[in-house]
Amino acid sequence: MSTVWLIPAFPLAGALVNMVFGRVIGRSAHWIAVPALVASFLGSCVVFARVWSGQAFTTTLFTWIVAADFETTVVALVDPLTGVMLLVVTGVGMLIHVYSIGYMHDDPGYARFFAYLNLFVFSMTMLVLAGNFLLLYVFWEAVGLCSYLLIGFWYTRDSAAQAGKKAFIVNRVGDFGFGLAIMWIWIAFGTLDYVAVFKGAETLAPATATGIALLLFMGACGKSAQVPLHVWLPDAMEGPTPVSALIHAATMVTAGVYMVARSHALFERSTVALDVVLWVGVITAVFAATIGLVQTDIKRVLAYSTVSQLGYMFAALGLGAYTAGIFHLVTHAFFKALLFLGAGSVIHGLHGEQDLRKMGALAPRMRVTAMTMTIGALGLVGFPGLAGFFSKDEILAAAFFGSRAAWALLLAGAFMTAFYTFRLIFLAFFTGPRMSKDVAHHAHESPRVMTWPLIALAALTVVAGAAVGIPSEHGTPFARFLSPVLPVHEGEHGGAAGVMLLVLSVIVVAAGILLAWFMYMAAPVKAETIGQPRTVLVRLLLNAWYVDWLYDRAIVRPLYALSVFLARVFDLGVIDGLVNGLGRAVVWWSAGLRRLQTGYVVNYALTMLAGAVIFVAYFLAR
Amino acid sequence: MIPAPPVALGALLPALIVFGTGVLVLLLDLVPPRTKDHLGGVALAGIVIALLGSISLWNHETRAFRDMVLLDNYALFFHVVICYAAALAVLLSIDYLRRNGVESGEYYALLLFSTAGMMLLASAGDLLIVFLGIELMSLSLYVLAGLFKMRLASGEASMKYFLLGAFATGFLLYGIALIYGATGSTNFDRIAAAAAARPRDTLVTIGLGLLLVGFGFKISSVPFHMWAPDVYEGAPTSVTALIATGSKAAAFAALIRVLTVALRAAQPDWSVLLWAVAAVTMTAGNVIAIAQSNLKRMLAYSSIAHVGYMLVGLVAGGVPGAGAVLFYLLAYTFTTAGAFGAILLVERSDGEAVEVGDYAGLARRHPVLAATLGLFLLSLVGIPPLAGFVGKFYLFGSAVRAGYLWLTVIGVLNSAIAAYYYLRVIVYMYMREPEGVEVRLVPSFAGGVALAIALVGIVLLGVMPAPFADLAQVAVAPLLR
């Protein structure tokens, strides 16, 4: 079914139109961008209906590169996993596009913003459609480029430009491993095609599998902001809020999770690799949650929460509970996009204020935002019946039967999640107002075009879990749907232990919310006391465990010093001397040879004659 | 008595369509209306029909006139390249001629005759047809080069091109005569049979040397290149575009066929000579291009350098090497025609804007044109994902696999040198303030269409090269059986 190519084609066309004619289109850019996404979403629905029965197919667009025995095609692999990812990317993408009409309304770069956003959706849909590793890599880089462009969208602001660079550079570290992994796959299998590679993985030597899987995971760590490559994501909040919602919460950062799930055949061959995935996920989940406890910037709280939730997904993958990981990816896309868009609505209503210390009592002023965001928060913490409840508890259950230590840590993470999420909700919407009178007076609910996407996402948060996430003897309906692609996890026993686990996690979540209530609601809080480093621990958390500081001292500065040395001494002295000398020699030759071109026909003819003599003499001499 | 060969015009059909359109244009020129706008349209229609016809004839091999004319896939591939080059030249001409006050029916007629000559050259199976094609192509081009009668440089270009061209044709004819004397035939297949029976025949090798002189002139390889910069600079830019692309492609078509079919027995001899010619041609072209400040002259030297790259593929030989040359010619045609087309659309108040200084700050006032020209230049440098990169990749790849490591090293070093003078133009467009005279962009719908076609061509060939490379290999494979 070659019509799947229409799904990326529409946003690509939209991006091109807005890029080339942006100046003319200006404020009407969304009339190009939004319909493109709607068309793309409808296309995804059609494709999803095709794979509903569980069938998979590949469709080749064209042969891309042929070089000796290396041949790559532009090919799409469409199976249930692809179908789910396509729906999430285009569906959430569509809502965020609509939201952006309101949020970016007064921005001078309106058309440019929609062009980039379309370009991102094009790249992301191509990423999930890709049927081989090289194509995956190309669009892996392409979404990275879009991320860079959108983080630095307000490029005149130095911090935004710096954050864009940081995201790009940190991702390079991960992509270095990813690139090596692809080369290794080529060496080991002689092909980069998914189907052939995963088939061949069954007989792969465990050591090779470990190497390839770990290098792939290195790439996933960069893209999905896992420890130790998580440092770029909080800074990425410099981008406009719809970007944070779409790219840095719902879709792009989950590409790593998708990639590992997609390549599970390679990871299964190596217990070492799976353990690494599990423990990196667990550590990230807890580590990022601790930092989220004390942040004062509304978007940074959500950013650390995203890092933490991505950790949960990787933990699930490491446990072999692939469908649980992907399920959490989907539900997280709903409620985290909702939370980000809600935060954007708050920022919009307060004219750019992002500091939780200067908010409070917004609920009566922004009813829709407050209500939908609270639903999103309940979804995130895992309130019974909402999306996060089903997806997160599936992961916790898998951990309980897989590794008790991981389970305990993840449960602690769930407690912290509940605390920081409701700390945010309370501080923003319910405690007494802490902003200036002027700002309070002007605080207003966002326009309809922004609140409708919030309502839609809230509805999804409410129904998604119960609709497809209720487990039965053969796993959840969601897991059964994905079972042609991802093996159903065997450890998911129900029974008394399962019920006990559920009750326990509900208690833990309730405790987290209650603690937040006691700290911020029971007594009025003063703005100065929030996020103040009174103890060493809080100071440590406020500085995100000093990881950035450490990287700066241990890596950035020594490298910089080395490169300054090389630039001054080696490059200027040796290389530049050589290159300039060579350049001067070429220019000198050029000027000399140019003089041969006299313009006289006689000279030209003589040269030709000389050439002819040489040619004939050569042939006679042979 | 020699029996008259059977007449089978089918094998000449695409060339005849173009030729017939040329006659039609001449006739239409005599009747009202007196404006010439429609003649360009007629010429374009003829070329497009020939192009579509050529594509539809793919895989329908026809031979005619006792194998003197061959309409095989190889010829058809070149027909397509040549028709594209001619179509772009016509599109670029329409407003350009009016602007310079030289609208005339004979311009389009000559252009079409020249194109027909190129197509004949591509389907030649006999040295006499090669001669016929070269003359039909060249005589028309000599006149076209001098069509801007009010400009001294144009007349000078025409005169030089004609004198040196005639000189080169003398060598070619002498070579044909010697080969005929040695083998008793001018037909490629029969020459091949005779040459294989008597290897190392002195007459044949001398004849080969003289043929290479004649072809060397047409493709402008060193040391037969000196006409190129003067002619490229002086000729009307639309004609320059055709000389640089179509005529070069046609000459390559005949050269590859002569060398790989008729004189395959002498491959060890000619490949060594061409090795040296390739190395000298690309180096001289690139090094001298650095010193040029006139864009048309710079592109002339650049086109000499590109001939050097293509000779690398010919030296490498085999289906991969020859296929790479065909692919490169396709890529090169779009890129070079596009670059000349972009230059043609920029104008100073006192004439054409061809000095690199004229392009300073162009990006600020004409961002779309600057970006387009920039992409053509990047393709010439060989930056992915544009056509030029893939073309060079296939060429050098075939050379490496054939064991010509040093030639590849020279080629890659040359590509690095070339980046300097191409990127300098981009630096002027994007990083310099406008200086001196104001330049303006000439509004031309047809010219815009030409640039758009060329742009789509270089992006398409760069992004999905495999199908086209495949076609090129299919086209050359029967030659090398």
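**Cis prolines and positive phi**

Visitor: Where is P228(A) found?
Guide: P228(A) lies in the loop between α9 (206-223) and α10 (232-235) of chain A. Helices here are DSSP runs of H or I with at least four residues, strands are E runs of at least two, and both are numbered from the N terminus.

Visitor: And the peptide bond from V227(A) to P228(A), cis or trans?
Guide: Cis, with omega near 10°. This is a predicted model: local features need pLDDT of at least 70, side-chain atom pairs count only at pLDDT 80 or more, and totals for chains, interfaces and linings use all residues. Residues are numbered from 1 along each chain as its sequence is written, chains are lettered from A and ligands numbered from 1 in the order written, and side-chain values use heavy atoms, without hydrogens and water.

Visitor: OK, chain B. Which residues does a cis bond join there?
Guide: V222(B) and P223(B), with omega about 5°. P223(B) sits in the loop between α8 (202-219) and α9 (227-234) of chain B.

Visitor: Back to chain A. What's the phi of A225(A)?
Guide: About 50°, so positive, although A225(A) is not a glycine. A225(A) is in the loop between α9 and α10 of chain A, which also holds P228(A).

Visitor: Buried or exposed, that A225(A)?
Guide: Buried, at 0% relative accessible area; buried means under 20%, exposed over 50%, partly exposed in between (1.4 Å probe, protein chains only).

Visitor: And what about phi of N59(B)?
Guide: Near 70°, again positive in a residue other than glycine. N59(B) is in the loop between α2 (37-56) and β1 (62-64) of chain B, and at 56% relative accessibility N59(B) counts as exposed.
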